[in-house]
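Reader: I would like a close look at one part of this model, the surroundings of a single core residue and the aromatic rings that go with them. Please take me through it in one connected account.

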Amino acid sequence: MPKPLFTKLVAQGAIGFFCVLFGCAYGLHSKDKVLLILSLGSGVGSLIRCISLYRIIHSQHYLYLEGTCTKREPTLLKRNLQILFQDKAGTEYRFTLDKGVKLLQGHYYRLYFRTDKPDGKTVPVNAADTLQDFLGFEELTSVAPEKSSEIT
């Protein structure tokens, strides 16, 4: 299980658990049925998201793409970023991701995307699909492509 996907799974589970724990505890203490129902509803929603993400990870319905972030530009009046990404073979991909994704230009990354096929060979090309299908990323500093620099 890749570390960024495992971290996302644990975070979603913890958010749901603590929402139910504190919401239900305070709802029972204050005898507020609305808060109790909302807390249970958000806990069920979080549980469904965790199970869905676990199934994606377990069945390997995700693909990863390794390469360098060559360009990062924010879109005007939107909460998105246009990412230009180049893999080892020199193929360039353009993705639309959320502004919260902190990819730095010139760094080497592995990006994870949700896919329908378990072979992992379908790269999302539609900008709207990449925003929805993006699962996470990790920086690969130890396996970055070597750059030849000679000192003369």
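Author: Leaving aside residues up to four places away in sequence, Ile83 touches Cys69, Lys71, Arg72, Tyr93, Arg94, Phe95, Leu97 and Leu103. This is a predicted model, and the contacts of Ile83 should be read as computed from it. Ile83 also belongs to the largest nonpolar core, which has 15 residues, and is one of those that touch the most other members, together with Phe85, Phe95, Leu97, Leu103 and Leu111. Two or more residues of this core come from each of E1, strand E2 (80-87), strand E3 (92-98) and E4. In soluble globular proteins, nonpolar side chains tend to be buried together.

Two of these core residues, Phe85 and Phe95, return in the account of the rings, where Phe85, Tyr93, Phe95, Phe113 and Phe134 form one aromatic cluster. Tyr93 and Phe95 of that cluster are also among the residues that Ile83 touches.

Apart from the largest core lies another, made of nine residues, and its members include Cys50, Leu53, Tyr62 and Tyr112. Tyr112 has a relative accessible area of 2%, and because buried means under 20%, Tyr112 counts as buried. The ring of Tyr112 pairs with that of Tyr64: the centres are 6.3 Å apart and the planes stand at 50°, so the pair is tilted. This pair links distant parts of the chain, since Tyr64 lies in strand E1 (residues 62-74) and Tyr112 in strand E4 (residues 108-114), with their positions 48 residues apart in the numbering. Tyr64, at 48% relative accessibility, counts as partly exposed, whereas its partner Tyr112 is buried. Tyr64 has a charged neighbour as well, for Arg110 lies over the face of its ring, at 5.1 Å from the ring centre.

A further pair is formed by Phe17 and Phe18, whose ring centres are 5.2 Å apart and whose planes meet at 70°, so this pair is edge-to-face. Phe18 is partly exposed, with a relative accessible area of 42%.

As for the chain that holds these parts, there are three helices and five strands, which follow the pattern α-α-β-β-β-β-α-β when read along the sequence. Of its 152 residues, 33% count as buried. Among contacts between residues at least 6 apart in sequence, 56% join residues at least 24 apart. The accessible surface of the chain comes to about 10300 Å², and 59% of this belongs to carbon and sulfur atoms.

Conventions. Residues are numbered from 1 along each chain as its sequence is written. This is a predicted model: local features need pLDDT of at least 70, side-chain atom pairs count only at pLDDT 80 or more; totals for chains, interfaces and linings use all residues. Side-chain values use heavy atoms; hydrogens and water are left out. Rings of Phe, Tyr and Trp (its six-membered ring) pair if their centres lie within 6.5 Å; planes under 30 degrees apart count as stacked, over 60 as edge-to-face and the rest as tilted. Buried means under 20% relative accessible area, exposed over 50%, partly exposed in between (1.4 Å probe, protein chains only). Helices (H or I, at least four residues) and strands (E, at least two) are DSSP runs, numbered from the N terminus. A charge sits over a ring if NZ of Lys or CZ of Arg is within 6 Å of the ring centre and within 35 degrees of the ring normal. A nonpolar core is a set of buried Ala, Val, Leu, Ile, Met, Phe, Trp, Tyr and Cys residues joined through side-chain atoms within 4.5 Å. Contact means heavy atoms within 4.5 Å. Accessible areas come from the Shrake-Rupley method with a 1.4 Å probe; for residues, only the protein chains shown count as cover.
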